[in-house]
Amino acid sequence: MKYKWQLGHGQTIDISEKAIIMGILNMTPDSFSDGNTYHSVKEAVAAACKMTSQGAHIIDIGGESTRPGAESIDAATEQARILPVIKELDRIGGILISVDTYRAETALLAVEAGAHIINDIWGLQKKHGITDIAAQTGTGVVIMHTGRDRKKNMDVIVDQQQFFAKSLVIAEKAGIQSEQIVLDPGFGFAKTTDENIALMHRATELLQFGFPLLAGTSRKTFIGKIAAKQEVKDRDVATSATSVILRMAGCSIFRVHNIMVNRDALAIADAVRMQKNDGF
């Protein structure tokens, strides 16, 4: 099955026989892996361009840490961190930009600055208004599952079904088109190691929703526990193993820190998939 993902500013991206890589660019002092890495717009833009040259198709830019226990910030702080970077990448051109936010005001300013995708870790269920921004601007939308601040179903797939059913109703009522939507099962977000493993094992069941799937396992705590890697930056090889597993299960987009390791691993998975002729 082929899918043309509708993005903002008249852009699209074809999702078919090859995996799509989304590079992570956190403009934060406290993200669990790459916090406090980029101290200027110039450094951040250089990093984004490097990731693109290594094979990233999309750059996902965030201004607020989403790690467990992270301190919440206000919208103005978030915007001050990310908007100059988005504007400069837009000026350079040729780079698809995703904004990692759940705030409508930040999403609107980011899209006006050049962002093509809104990536909402609360699955459109945290803040009002972000759905209206997505509908009005026609941006791509990543609806992520989370177990935070809610009672979960014991069955990981049933919990995904219940969460996404609610999010998709919200999206439809706001006027978001199905072609704009990608789903993210939310690895690591209020999920135990066993739940994350179960979600990987049963990932093919997530195709029932009929949308492309984005996998965000990169350097997560559960990977560190399984691979016995305490340092987050030592988890890239193990991350690439999860990328291959999830690619073979039908996931299409991979949000990662280390582009090259995952690019090479996914190239092998894609070659095998093409032999099997499974579609997306």
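Just after helix α3, Gly114 takes a positive phi of about 135°. The structure described here is a predicted model. This report starts with the helix before that glycine, then turns to a second helix pair, to some single residues and to the cysteines.

## Helix α3 and its partner α4

Helix α3 covers residues 104-113, and helix α4 covers residues 130-137. Their axes come within 8 Å and cross at roughly 25°. Because angles under 35 degrees count as roughly parallel, α3 is described as roughly parallel to α4. The crossing of these two helices is right-handed.

Which residues of α3 and α4 make the contact? On the α3 side they are Ala104, Ala107, Leu108 and Val111, and on the α4 side they are Ile130, Ile133 and Thr137. Sorted by class, the contact of α3 with α4 has six nonpolar residues, one polar residue and no charged residues.

The spacing of such residues along a helix follows from its geometry. An α-helix has 3.6 residues a turn, so residues three or four places apart point the same way.

Within α3, the buried residues are Ala104, Thr106, Ala107, Ala110, Val111 and Ala113. What covers these buried residues of α3 includes helix α2 (75-92), strand β5 (96-100), strand β6 (117-120) and helix α4.

## Helix α1 against α2

Helix α2 also takes part in a second helix pair, with α1 as its partner. Helix α1 spans residues 41-54, and its axis comes within 9 Å of the axis of α2. The two axes cross at roughly 50°, and α1 and α2 are therefore oblique to each other. α1 passes α2 in a right-handed crossing.

From α1, the residues in this contact are Val41, Ala44, Val45, Ala48 and Cys49. From α2, they are Pro84, Val85, Glu88, Leu89 and Ile92. By class, the contact of α1 with α2 divides into nine nonpolar residues, no polar residues and one charged residue.

Val45 shows this contact from the side of a single residue. Val45 is placed in helix α1. Is Val45 buried or exposed? Because its relative accessible area is 8%, Val45 is buried. Residues up to four places away in sequence aside, Val45 touches Val85, Glu88, Leu89 and Ile92. Val45 and Val85 are 40 residues apart along the chain, yet their C-alpha atoms are separated by 6.3 Å.

## Buried residues elsewhere

Ser167 is found in helix α5, which runs over residues 156-174. With a relative accessible area of 0%, Ser167 is buried. Apart from residues up to four places away in sequence, Ser167 touches Gly123, Leu124, Gln125 and Ile143.

Leu213 sits in a loop, between helix α6 (193-201) and strand β9 (214-215). At 1% relative accessibility, Leu213 counts as buried. What does Leu213 contact, leaving aside its neighbours within four places in sequence? Its contacts are Val182, Leu183, Ala203, Leu206, Leu207, Cys251, Ser252 and Ile253. Gln11 is 202 residues from Leu213 in sequence, and 19 Å from it in space, C-alpha to C-alpha.

## Cysteines and disulfides

A disulfide is a covalent bond between the sulfur atoms of two cysteines. How many disulfides does the model have, if a pair of cysteine sulfur atoms must lie within 2.5 Å? The count comes to zero disulfides.

Two cysteines have already appeared among the contacts. Cys49, one of the α1 residues in the contact with α2, counts as partly exposed at 30% relative accessibility. Cys251, one of the residues in contact with Leu213, is buried, with a relative accessible area of 1%.

## Alanines with positive phi

Ala190 and Ala228 each have a positive phi in a residue other than glycine. The table gives the loop and the exposure of each.

| Residue | Phi | Loop | Relative accessible area | Class |
|---|---|---|---|---|
| Ala190 | near 55° | between β8 (181-184) and α6 | 31% | partly exposed |
| Ala228 | near 55° | between α7 (221-227) and α8 (236-248) | 65% | exposed |

Ala228 counts as exposed because its relative accessibility is 65%, and exposed means over 50%. Ala190, at 31%, is partly exposed.

Technical notes: Residues numbered from 1 in each chain as written. Predicted model: local features only at pLDDT ≥ 70, side-chain atom pairs only at ≥ 80, totals over all residues. Heavy atoms only, no water. Axes fitted to C-alpha atoms, helices over the stretch in contact; angles between N-to-C directions. Helix = DSSP H or I, 4+ residues; strand = E, 2+ residues; numbered from the N terminus. Parallel < 35°, antiparallel > 145°, perpendicular 65-115°, else oblique. Left-handed = near helix turned anticlockwise from the far one by under 90°. Contact = heavy atoms within 4.5 Å. Nonpolar A, V, L, I, M, F, W, Y, C, P; charged D, E, K, R; others polar. Buried < 20%, exposed > 50% of the residue type's maximum accessible area, 1.4 Å probe, protein only. Disulfide = S-S within 2.5 Å.
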